[in-house]
Amino acid sequence: MPLHPDAQAILDRAPAVVPVLLDPQAIREQFRAMWQLPDNLPPVGRVADAVLPGPAGAIPARVYTPGGIGPFPVFVWFHGGGWTLGSLDENDYACRTVCSRAGVVVLSVDYRLAPENPFPAAADDCYAAVRWVSRHGAEIGADPARIAVGGESAGGNLAAVTALKARDLGGPSIDLQVLVSPVLGHPDDGRASYRDYADGYFLSKASMDWFFTLYPRNAADLEDPYLLPLRAANLSGLPPALVLGAEYDVLRDEGEEYAARLREAGVEARAVRYEGLIHGFFGLLAPELPPAREAHEQVIGSLLAAFR
C-alpha cells in the first residue's frame, strides 16, 4: 500500500529521528523541538506526576486516572526513543486516549536513559515500576491484580522485557503485553524490513545503529534476552500479546516474528500491520495521523477484553 498522505506529509517536513554522529544531548533537544503538544487533548478524570522508588533512586512517572470510581485496572506504559531519547510528554495524547476510552489508570514511566545509564538501567526501572504497582497500586487508584504493560519502539522492547522478567523473577502477574513497533532484535540480523525501509521513512537503520552504540555496555549484552527478547530460547508462560506495527518501518518484521514465536510457544499473540504508516504512529505522531485512532481502538479493545 502507498504511504498514507498524512504520513507522507510528516516525512516531507521531518528529519530522520536521529541524525547520526550528534551527541545525545543535542539529539534530545532536537527531538523535543520537533514535537508539539496538540490542542485537542482527550479529557481524563485526573493527571498527576508521581515519583516511584527504583533500583537506583527515584523514577519519575505520570498517572492518568479515568473519571468514575476505582479501583481501575492499570496499564503501565513505556515511551520510545531508542533507550536514549523521549520523556513522559510525547505520548500524552495516546495515554489520555487509552485512559479515557478503556477506563484504566495509565502509569507512564520515565525510565533512565542511555548513554548515561546503559543497559540494564531502563529495563530495571520498568520492571521495578510494575512491581511497585503490584504492591502499591491502590495508592494511585489502581487494582494491583489487574496489570497490563505496553510501549512503543524501545518502550515496546521494555514492555516485552518486563513480561519476561515477571515470568522469570516471580511476578507480578501480567494480563496483557502491548508491543507497538517493538525493538526485539538487532539491526544486523538480516530482516527484510531493515533492507526495504533503511532510509527515508522517519526511523532509519542508521538511527537504530546509533542507538545500539549507546544502550548496550558491550557485545555480550546483545545476546541477553532482557535486551533483545528474540534472543530468548523459551517464550512460553508469557502473557498474551498484542503486537502492532507499521508497514514502512525497519522494525516491522521483528515484531511479527516475535508474535509468531509466541504463538509457537503456546502464548496467545496477535500481530496487526498498519498499512501505509510509519514508525511512531501510535504515540509520537498520533495527533497528526488519523489512522492511529484505529490502533488506539485496537489497544483499548484488547485491554477491555483482558480485564473483563
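This is a short tour of a predicted model, going from the whole chain to a single loop residue.

Begin with the whole protein in cartoon view, where the secondary structure comes to 9 helices and 8 strands. If you draw a box along the principal axes, the C-alpha atoms fill roughly 45 × 45 × 35 Å. The radius of gyration is 18 Å, which agrees with the value near 19 Å that a compact globule of 308 residues would have.

Next, colour the residues by relative accessible area: buried residues make up 59% of the 308 in the protein. Switching to a surface display brings up an accessible area of about 11700 Å², and carbon and sulfur atoms account for 51% of that surface. With the charged side chains selected, you will have 25 positive and 38 negative charges in view, and the mean positions of these two sets lie 5 Å apart.

Then turn to the contacts, taking those between residues at least 6 apart in sequence; of these, 78% join residues that are at least 24 apart.

For a local stop, select β8 (269-278) and α9 (292-306) together with the loop between them, which is where proline 287 lies. Is this proline buried, partly exposed or exposed? Proline 287 has a relative accessible area of 30%, and is therefore partly exposed, since that class lies between the limits of 20% for buried and 50% for exposed.

Finally, keep proline 287 selected and add isoleucine 10: although 277 residues separate the two in sequence, the distance between them in space is 11 Å, taken from C-alpha to C-alpha.

How values were computed: Residues numbered from 1 in each chain as written. Predicted model: local features only at pLDDT ≥ 70, side-chain atom pairs only at ≥ 80, totals over all residues. Heavy atoms only, no water. Helix = DSSP H or I, 4+ residues; strand = E, 2+ residues; numbered from the N terminus. Rg over C-alpha atoms; globule rule 2.2 N^0.38 Å. Buried < 20%, exposed > 50% of the residue type's maximum accessible area, 1.4 Å probe, protein only. Contact = heavy atoms within 4.5 Å. Areas by Shrake-Rupley, 256 points an atom, 1.4 Å probe, with all protein chains shown as cover. Lys, Arg positive; Asp, Glu negative; His and termini not counted. Charge placed at Lys NZ, Arg CZ, Asp CG, Glu CD.
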